[in-house]
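Me: Please give me a close look at a single part of this chain, covering whatever can be said about backbone, packing and burial. Spell out your cut-offs as you go.

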Amino acid sequence: MVVAASLVRGSLAQTWCGKNYMANQSVVPPGGQFILPTRSAEPLLSFRCAPVFRPYLEEDAKSAAFIVDTPIVYDWIAGAEPISLSSNSGSSGGSTGLGSLSVTISVGSIHTTANVPLNATGIQIPVDISTLAAQKTAYNVTCSATYSTPSSSGSQPANVQIFDTSSSLLYLPDTNASVTKTDLRTGALWVRPASGNGGAFAPFVPQGFYINFDEYLATNLSMIDQLKDDGFLHPIPPYDNLTIFQQVIERTISVGMYIVYDMRSNYQNLSTVAQQVNTYASIPNLLNWETAHEPDGNSDPQNAAQATYDLIYEIDGYHPVSIVLNCQDYNFSPYVKGADIVLQDAYPIGINATWSPVWNTECTPDFGHCGCDNCQGQMWDVKARVQTFKDRLNILGFDRTKSVWTTPQAFGSAAYWNTTPTGIQWAAMGFTSFSHGAIGSKSYQYPTTTNNETSIEGTASALTVLIQKYVQPFLVDPNATSTNYNYQGVDAGVWYNGTSYLLVVVNMNSTQVYAPYQEMGLGWITNATKQVQRVVSIYEIPTASGNLTGITFEPGGIGIHIATP
């Protein structure tokens, strides 16, 4: 199988994820582990601010805004500082009684002040930036917060604490070329129509596939038509035939698809990067740039992705930059500095998690390559990887400015993998990724298997439309709240938009499980027949006992439900 073979060839570096993996090599701990924050016995303020959109255009100047977060935490995450709370503030579990902060946002000659509740997230402050000059270089932003608490003696001045943080504002000239904005409230992309004929910006949650350019697209442009419902295309380089690559661009424009430009083959060659950015930045359907592909697996220089990132922003700035990380825990922090979008690509289905069939060696945290780094060979691996990446970005202070996407496994039956995921398993990887914070999905890769209703391709076309219609509106809604639950191996993501609840469920067990709605934060459901719309319901037993107040899933069952009080 070409896909699996290429993945093996890609792992022929001296090490993979910093680990030796061949029989003639010794065990050498890889290092590079992510450092978790230490706990604090006293409350800390994690004060952060960022523009609502990146970039803003001149046409947005009057409606620009910043988003401010003021959570109380007990871990020494990036930027956290001790805060002395008011003696009558009560529990730090909510904002009631904690008081507020006077927050000033300064950018250039603009200074805007507003009161923000303490221990709150997602507070928007309008900032008119029309007096600034639109430019390629980002503006430095300073955010200052003042917190006052009464002194122990009423005759004494109030206790004043001041907190500072910084951000940046990318404010670019208007353009008729393509622009991909990122909504930093949700991480979602906002784009104009891919046709290049103008139109309003709208949110877009990518769901689609990588596809090999030389092997497939260069010989069969009709594959673009097969994938057009996905809304975007990611050709895998090299793009050796530039004439046909231009035809790919033109065909995707004609069918209304965005395209990702991939520089994995030469992202460390900055002169080549500059040439590519200058050539393709203005095409009307460019979604984003992708640079480093599995730099952690290959042990690429740790500053390479950031150097490329900085250069791309010097030249372009209108499109975000993504990278793909393969390792569970190897130099995460330096590599993510080179990205706005961080993709995970754990491929657990069909592996032997403890013994490599390719290298005939064992796999441990310090040695070996089994096709999925430090994995258990279960759906749980994808859930854990997405959640871990989200948690790390928050610890590093990037929770607003960098987002996580997922790469569901769409291949197998060769090399490290003894089977190919079924269509339901493939869908489940995407479901659990969305539940744990992913805001985009690119499966590796197309074409996958025979096009029947149980295959990935047989599932993808219908599922993409349903996710766009029912799931995307919740993911891109900055006012929607979300949380996730785990009940006896049933993974559930729940969103609430003020009117309805979205429930995305995956049974990760190999046994049947009954999951009460109450265990998923929806205890108010007393009659699911009337209160719940089952948008997707696979391997679910709707007639099972207790079904009116819960869900009974067969092994591997998945569901998308809309619940309305």
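Reply: **Unusual backbone and a helix pair**

Asn119 is buried, with a relative accessible area of 16%; buried means under 20%, exposed over 50%, and partly exposed in between, with a 1.4 Å probe and protein chains only. This is a predicted model, in which local features need pLDDT of at least 70 and side-chain atom pairs count only at pLDDT 80 or more, while totals for chains, interfaces and linings use all residues. Residues are numbered from 1 along each chain as its sequence is written, and side-chain values use heavy atoms, leaving out hydrogens and water.

Asn119 is not a glycine, yet its phi is positive, about 65°. It lies in the loop between β9 (110-117) and β10 (123-126); helices (H or I, at least four residues) and strands (E, at least two) are DSSP runs numbered from the N terminus. Ser413, also not a glycine, has a positive phi near 60°. Ser413 is in the loop between β25 (403-406) and α9, and at 48% relative accessibility it counts as partly exposed.

That loop leads to the part I would look at closely, α9. Helix α9 covers residues 423-435, and twelve of its 13 residues are buried; among them are Trp426, Met429, Phe431 and Phe434. The expected span of a helix is 1.5 Å times one less than its number of residues. For α9 this gives 18 Å, and its end C-alpha atoms are 19 Å apart, which agrees.

α9 packs on α10 (residues 456-475) at an angle of about 20°, with the axes 10 Å apart. Axes are lines fitted to C-alpha atoms, for helices over the stretch in contact, and angles run from 0 to 180 degrees between N-to-C directions. The two helices are therefore roughly parallel (under 35 degrees; over 145 is roughly antiparallel, 65 to 115 roughly perpendicular, the rest oblique).

From α9, Gly423, Ile424, Trp426, Ala427, Phe431 and Phe434 meet Ile456, Thr459, Ala460, Leu463, Ile467 and Leu475 of α10, contact meaning heavy atoms within 4.5 Å. These residues divide into ten nonpolar, two polar and no charged; Ala, Val, Leu, Ile, Met, Phe, Trp, Tyr, Cys and Pro count as nonpolar, Asp, Glu, Lys and Arg as charged, and the others, Gly among them, as polar.

After α9 comes Gly437, with a positive phi near 110°. In the loop between β26 (441-446) and α10 sits Pro447, and the peptide bond from Tyr446 to Pro447 is cis, with omega near -10°.
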